[in-house]
Amino acid sequence: MSVVKIANGRIVDPASGRDEIGDLWIEDGAIVAMSKSADVETIDATGLVVSPGLIDLHVHFREPGQSHKETIGTGSAAAAAGGFTTVVCMPNTNPVADSPSVISWINERAARTAKVNVLCSGAITKGLKGEELAPIGSMKNAGIVAITDDGHCVQNNEVMRRALEYARMFDLPLFDHCQDYSVVGDGIMHEGEWSVRLGLPGWPRIGEELIVMRNILLAELCDAPIHCQHLSSGGSVRLIREAKARGVKISGEVCPHHIALTDESLKGYDSNFKMNPPLRTEKDIDLLVEGIADGTIDILASDHAPHAAYEKEVELDHAPFGILGLETEFAIFHDVLVSRRKAIELPRLIELLTINPAKLLRIDRGTLSVGVPADVTLLDPNLEWTYDVEKTCSPSRNSPFHGATFRGRAVRTIVGGKTVWEL
Ligand SMILES: [Zn+2]
């Protein structure tokens, strides 16, 4: 029998409302109330926060097909180094994760190479083309936890309605990357003063808001949940707030870069500031943070999107969208939301990164309750550190946060009772 005692830490478990200094016990990979075993491994957590293992339901691990950017092995190592014990991979791989065979391949690969729990989502439509539904039921049997066409957005509202009906039937959450193609066109940055000054094609807020509105109407019609991914516009927060007040099953997530950076960052034409949806304005940041503070936004995620240097080192118009996220995610959220803006306190931040995504995914994680698998993250909210992208676990280097200093980070990551990463 293997017994671990995490001693004298501040145990914060938002699922149960627990917040106290104490000892957390792990026996044979699961949380227990206490153990009488004589053979105990003790981890001193004095001065640290003992959190349920962090969960990120939006990552791109690039396998199969683009393992020069990231693999399930390297991506899960980055997750562990960021304090994450469970992640959900997006289906825009090559081949696309739109069939049970690709899902099984990913799950087998994860079982052999992943350091943390790697779950996968399946595509809504075949080839992410937005036309014909993927085999949602058989992908569910193969183990998907959600459906999404992330990277793409289903434009046809009738296809989306049928997808939502299938998702409800198979008890799967539906995630959506909200982008109206007719409005966004070839836009690459927020449409506003800076896109005009820099002479770059604009990606206006309304390109996101139109699809958020569509999703609200469909969620209401089908009485089934839709989760809006990586919200960037303050207007989207207002739409979701109003819909939730009516009881509509709509939710949204916010990513670190959208509350840490603005469109002005692109003035140096550095492609590490090019994301989809794009960085917006201070006003949007204020409204996103307000949505996080008042409970409109339930979930935080990274949209971890590795790209090779040679792909990013081209003209801005041709560079791919997206940045690394997992290793800086907790630090940025803690820094912006808790330390600087004081919008929320640490237990609420932990809730947004643990039990809330676990509930949406319907998995038995995100809590320190007795009996659940012992996924635990030790956090040091006071640790000051500087991010060095050259030391990342990922083979990619596309982060705009290289050299940035933060306060707060994970110092130890435990999955199923075993330490998988330690600072
Ligand atoms: Zn996306």
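In this predicted model, Asp-388 and Lys-391 form a salt bridge whose closest N and O atoms are 3.7 Å apart, a salt bridge being a side-chain nitrogen of Lys or Arg within 4 Å of a carboxyl oxygen of Asp or Glu. Asp-388 is partly exposed, with a relative accessible area of 28%, whereas Lys-391 is exposed, at 66%; here buried means under 20% relative accessible area, exposed means over 50%, and partly exposed lies in between, as judged with a 1.4 Å probe and the protein chains only. Residues are numbered from 1 along each chain as its sequence is written. Because the model is predicted, local features need pLDDT of at least 70 and side-chain atom pairs count only at pLDDT 80 or more, while totals for chains, interfaces and linings use all residues, and side-chain values use heavy atoms, with hydrogens and water left out.

Side chains of opposite charge can pair when their charged atoms come close. The structure holds 29 salt bridges, including one between Asp-223 and Lys-249, in which the closest N and O atoms are 3.1 Å apart. Asp-223 lies in the loop between H7 and strand S12 (226-228), and Lys-249 in the loop between helix H8 (234-245) and strand S13 (250-254), so this pair ties together parts of the chain that are 26 residues apart in sequence. The helices (H or I, at least four residues) and strands (E, at least two) are DSSP runs, numbered from the N terminus. Asp-223 is partly exposed, with a relative accessible area of 48%, and Lys-249 is partly exposed as well, with 39%. A further salt bridge joins Glu-264 to Lys-267, with 2.8 Å between the closest N and O atoms; Glu-264 is partly exposed at 33% relative accessibility, and Lys-267 is partly exposed at 46%. In addition, Glu-41, Arg-412 and Glu-422 are linked in a network of salt bridges.

The zinc ion has three protein donors, namely Asp-150 (OD), His-177 (ND1) and His-230 (NE2), which lie 2.0 to 2.3 Å from the ion. Donors are N, O and S atoms within 2.8 Å of the metal (3.2 Å for Na, K and Ca), and since water is not among the atoms, sites may look incomplete. Along the sequence, the donor residues follow the spacing D-x26-H-x52-H. Asp-150 is placed in the loop between helix H3 (136-142) and helix H4 (157-169), and His-177 in the loop between strand S9 (174-176) and helix H5 (181-184), so that distant parts of the chain, 27 residues apart, are linked by this pair. Both Asp-150 and His-177 are buried.

In the interior, the largest nonpolar core has 99 residues, and those with the most contacts inside this core are Leu-174, Ile-259, Leu-300, Leu-337 and Leu-349. A nonpolar core is a set of buried Ala, Val, Leu, Ile, Met, Phe, Trp, Tyr and Cys residues joined through side-chain atoms within 4.5 Å. Helix H12 (residues 326-340) gives the most to this core, with 8 residues. When neighbours within four places in sequence are left aside, the residues in contact with Leu-300 (heavy atoms within 4.5 Å) include Ile-55, Val-254, Phe-333, Leu-337 and Leu-349. Apart from this core lies another, of 17 residues, among them Ile-26, Ile-43, Val-411 and Ile-414.

The backbone shows several features that can be set against a general background: most residues other than glycine have a negative phi, and most peptide bonds are trans. A cis peptide bond joins Glu-63 and Pro-64, with omega about 5 degrees, and Pro-64 lies in the loop between strand S6 (54-59) and helix H1 (72-81). Another cis peptide bond joins Asn-276 and Pro-277, with omega about -5 degrees, and Pro-277 is found in the loop between helix H9 (256-260) and helix H10 (282-293). Leu-128 has a positive phi, near 60 degrees, and is buried, with a relative accessible area of 7%. For Asp-303, phi is likewise positive, near 55 degrees; this residue lies in the loop between strand S14 (299-300) and helix H11 (309-312) and is buried, with a relative accessible area of 10%.
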